[in-house]
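Please examine the following structure together with its sequence. The explanation below leads through its interior and then to its ligand.

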Amino acid sequence: MTETIKPVRLAVLLSGSGSTLQNLLDRIGAGRLSAQVVAVISSRAGVRGVARAEAAGIPAQVIARKAYASSEEHSRAVLAALAPYQPDLIVLAGYMSLFVFGPEWTGKVMNIHPALIPAFCGQGFYGHHVHEAVLASGVKVTGATVHFVDGQYDHGPIILQETLPVTDDDTPDTLAERVQALERELYPRAIQLFAEGRLRIEGRRVRTLS
Ligand code: GRF
């Protein structure tokens with residue numbers, strides 16, 4: 001029952017096409033996610049994600065990673081730009097920069113990764129590189145992971161994970177398509193659990209309260 005839950009104020013960080021943002025906006029529009037996207041920040045100029053935000057009437061800013069000497073300085077600028085919007089949760093959605101923050105944001109920043117963490121993840125594992133590595137390794141299952149962010153690439157406590165089979169005739173393209181379909185279900189589910197106050201971090205583990 002999404003209507004009885006107070007909408008969570010989401011800030012979305014992206015660097016590319018914004019298909020993840022679009023999926024969240026579509027879910028919210030359909031009344032299937034108790035959330036409101038209050039701000040979008042892109043670490044790259046000229047990307048489709050910014051155009052999608054603007055088309056939806058959401059304040060969007062480019063804070064280019066390359067304008068800053070370090071991830072720390074860049075992240076500080078991002079957080080300062082978000083402060084007026086008072087987000088409850090920061091969602092990384094195809095964000096290609098390291099996002100680092102202080103303890104006040106622990107448990108309030110999520111990411112989605114197109115593989116089963118702790119495999120096929122970390123710096124350099126993005127987009128098709130992930131699916132190429134999955135195929136080259138010969139594993140028989142892959143999937144998607146939603147996790148809390150802890151200042152390292154693809155590393156924090158895992159919230160949700162789902163698998164799908166790797167078939168003999170899969171290519172990076174076919175895998176990407178099926179993993180993305182999985183992601184479109186998994187990310188809204190994780191955000192809805194957050195909105196309902198049902199996620200508890202216990203060390204490396206995340207407990208889902210019923
Ligand atoms: C997603 O597949 C996600 O796993 C990764 O970035 C991809 C989406 O990029 N983190 P975008 O939302 O289309 O820009």
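**Interior and ligand site**

Ile-159 offers a starting point: setting aside neighbours within four places in sequence, this residue is in contact with Met-110, Val-146, His-147, Phe-148, Ala-190, Leu-199 and Val-206. The model in which these contacts appear is a predicted one.

Ile-159 also belongs to the largest nonpolar core, a set of 43 residues. Together with Leu-10, Met-110 and Ile-191, Ile-159 ranks among the residues with the most contacts inside that core. The element that gives the most to this core is helix 5, spanning residues 172–195, with 10 residues. A second core, separate from this one, has 17 residues, including Ala-39, Ile-41, Ala-81 and Leu-82.

Attention may now turn to helix 1, which covers residues 19–29 and holds Asn-23. Is Asn-23 buried or exposed? Its relative accessible area is 10%, and because buried means under 20%, Asn-23 counts as buried. Not counting residues up to four places away in sequence, Asn-23 touches Arg-184 and Pro-188.

The ligand comes next. Gly-16, Ser-17, Gly-18, Ser-19, Thr-20, Ala-93, Gly-94, Ile-112, Pro-114 and Glu-183 surround the ligand. Three of these residues can be described in further detail. In the side chain of Ser-17, an N or O atom is 2.6 Å from an oxygen atom of the ligand. For the side chain of Ser-19, the corresponding distance from an N or O atom to a ligand oxygen atom is 2.5 Å. Glu-183 has a polar side-chain atom that lies 2.9 Å from an oxygen atom of the ligand. On its own, the ligand has 360 Å² of accessible area, and the protein covers 81% of this.

Definitions and conventions: Residues numbered from 1 in each chain as written. Predicted model: local features only at pLDDT ≥ 70, side-chain atom pairs only at ≥ 80, totals over all residues. Heavy atoms only, no water. Core = buried A, V, L, I, M, F, W, Y, C linked by side-chain atoms within 4.5 Å. Buried < 20%, exposed > 50% of the residue type's maximum accessible area, 1.4 Å probe, protein only. Helix = DSSP H or I, 4+ residues; strand = E, 2+ residues; numbered from the N terminus. Contact = heavy atoms within 4.5 Å. Near = heavy atom within 4 Å. Polar contact = N/O pair within 3.5 Å; in protein donor to acceptor, adjacent residues only side chain to side chain. Areas by Shrake-Rupley, 256 points an atom, 1.4 Å probe, with all protein chains shown as cover.
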